[in-house]
Amino acid sequence: LAVDDRGRIYILDAATARIKRFDPCDGKFVTLPCVGGIGSGARQFRTPHGIAIAPSGDLFVADTGNQRVVVYLLPSLALRRVITRENWEPWDVAVTLDCRLFVSDYANGVVHRFDKRGQWREAYGPFVKPTAIAVDAHCNLYVIQEGQKDVVVLDEHGKLVRTISVAEEAKGKFCPT
């Protein structure tokens, strides 16, 4: 799930490898044209797991099966870039307000940090199979790990801030949509 700066809601339908946007007039989700579908082409996905939208209007898709993160520009859906690394498994993506990108790497047990131009900067970890990630209003990174009961919270430099065991502990930390 991702929300753009105009409040439009996007979901990633992993079963069909399609991205859908909620249409308030019809009261349902509609499939975005020209992007998605199962495959390895530049506009196709294989077992995608995460999406995020940057304040710049970039839509990021963690295309796990193709071992890449694909970036499209909203609303045109122009292909902006494809981010690849050797031997990684991008599972989820999160973007800060200043457009830094975080990518959870399930296979290597780390979260990669990229600058706003898509250049790799560093990796945080180790984690136990990191899956879902999120960034709060203060650029803290929240990491969920498969099989672990607590959420790990790191500051913007990758230092441990705290762990969270119940959702209420994160209340009020995220920007309202």
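Contact here means heavy atoms within 4.5 Å. With that in hand, V61 makes a handy starting point: leaving out residues up to four places away in sequence, V61 touches I19, F45, P48, G50, I51, R68, V69, V70 and Y72. The structure is a predicted model, and everything below should be read with that in mind.

V61 also turns up in the largest nonpolar core, a set of 16 residues. Those with the most contacts inside this core are Y10, I19, F45, I51, L59, V61 and Y72. Several strands feed into it: strand 2 (9–13), strand 5 (50–53), strand 6 and strand 7 each give two or more residues. Apart from this core lies another one, built from 14 residues, with A62, V71, I83 and V103 among them.

Now for the loops. The one between strand 6 (58–63) and strand 7 (68–73) carries T64. Is T64 buried or exposed? With a relative accessibility of just 5%, T64 counts as buried, because the cut-off for that label is under 20%. The side chain of T64 reaches the backbone oxygen of P90 at 2.6 Å. P90 shows up again in the contact list of T64, which, with neighbours within four places in sequence set aside, runs to R46, T47, P48, H49, E89, P90 and W91. P48 is a contact of V61 too.

The loop between strand 5 and strand 6 holds P55. This proline is partly exposed, at 44% relative accessible area. P55 and T96 are 41 residues apart along the chain, yet their C-alpha atoms are separated by 8.3 Å. T96 is also one of the residues in contact with P55; once neighbours within four places in sequence are left aside, the full set is D5, V95, T96, L97 and C99.

Two loops contain a cis peptide bond. One runs from L74 to P75, with omega near 0°, and P75 sits in the loop between strand 7 and strand 8 (78–84). The other joins G125 and P126, where omega is about 10°; P126 belongs to the loop between strand 12 (120–124) and strand 13 (130–135).

The loop between strand 7 and strand 8 has another backbone quirk, as L77 is found there too. Phi of L77 is near 65°, a positive value in a residue other than glycine. C34 does likewise, with a positive phi of about 65° although it is not a glycine, and its place is in the loop between strand 4 (28–31) and strand 5. How do the two fare for burial? L77 is buried, with 7% relative accessible area, whereas C34 is exposed, at 64%.

On to the charged side chains. How many salt bridges does a search of the whole structure find? The search turns up nine. D115 takes part in a pair of them. One is with R121, the closest N and O atoms being 2.6 Å apart; another is with R117, where the closest N and O atoms are 3.8 Å apart. The R117 pair still qualifies because the criterion is a side-chain nitrogen of Lys or Arg within 4 Å of a carboxyl oxygen of Asp or Glu. D115 itself is buried, with a relative accessible area of 9%. Its partners are less covered by the numbers: R121 is partly exposed at 42%, and R117 is exposed at 53%.

Another salt bridge links E122 and R113, with the closest N and O atoms 2.9 Å apart. Here the arginine is the buried partner, R113 having a relative accessible area of 15%, while E122 counts as partly exposed at 27%. Elsewhere, D98, R100 and E156 are linked in a network of salt bridges.

Finally, the surface. L1, I9, F22 and F29 form a nonpolar patch there, with about 350 Å² of accessible area together. Within this group, F22 has its place in strand 3 (residues 18–23). F22 is partly exposed, its relative accessible area being 30%.

How values were computed: Residues numbered from 1 in each chain as written. Predicted model: local features only at pLDDT ≥ 70, side-chain atom pairs only at ≥ 80, totals over all residues. Heavy atoms only, no water. Patch = residues over 30% accessible without salt bridge, like charges linked within 9 Å, V, L, I, M, F, W, Y side chains within 5 Å. Areas by Shrake-Rupley, 256 points an atom, 1.4 Å probe, with all protein chains shown as cover. Helix = DSSP H or I, 4+ residues; strand = E, 2+ residues; numbered from the N terminus. Buried < 20%, exposed > 50% of the residue type's maximum accessible area, 1.4 Å probe, protein only. Polar contact = N/O pair within 3.5 Å; in protein donor to acceptor, adjacent residues only side chain to side chain. Core = buried A, V, L, I, M, F, W, Y, C linked by side-chain atoms within 4.5 Å.
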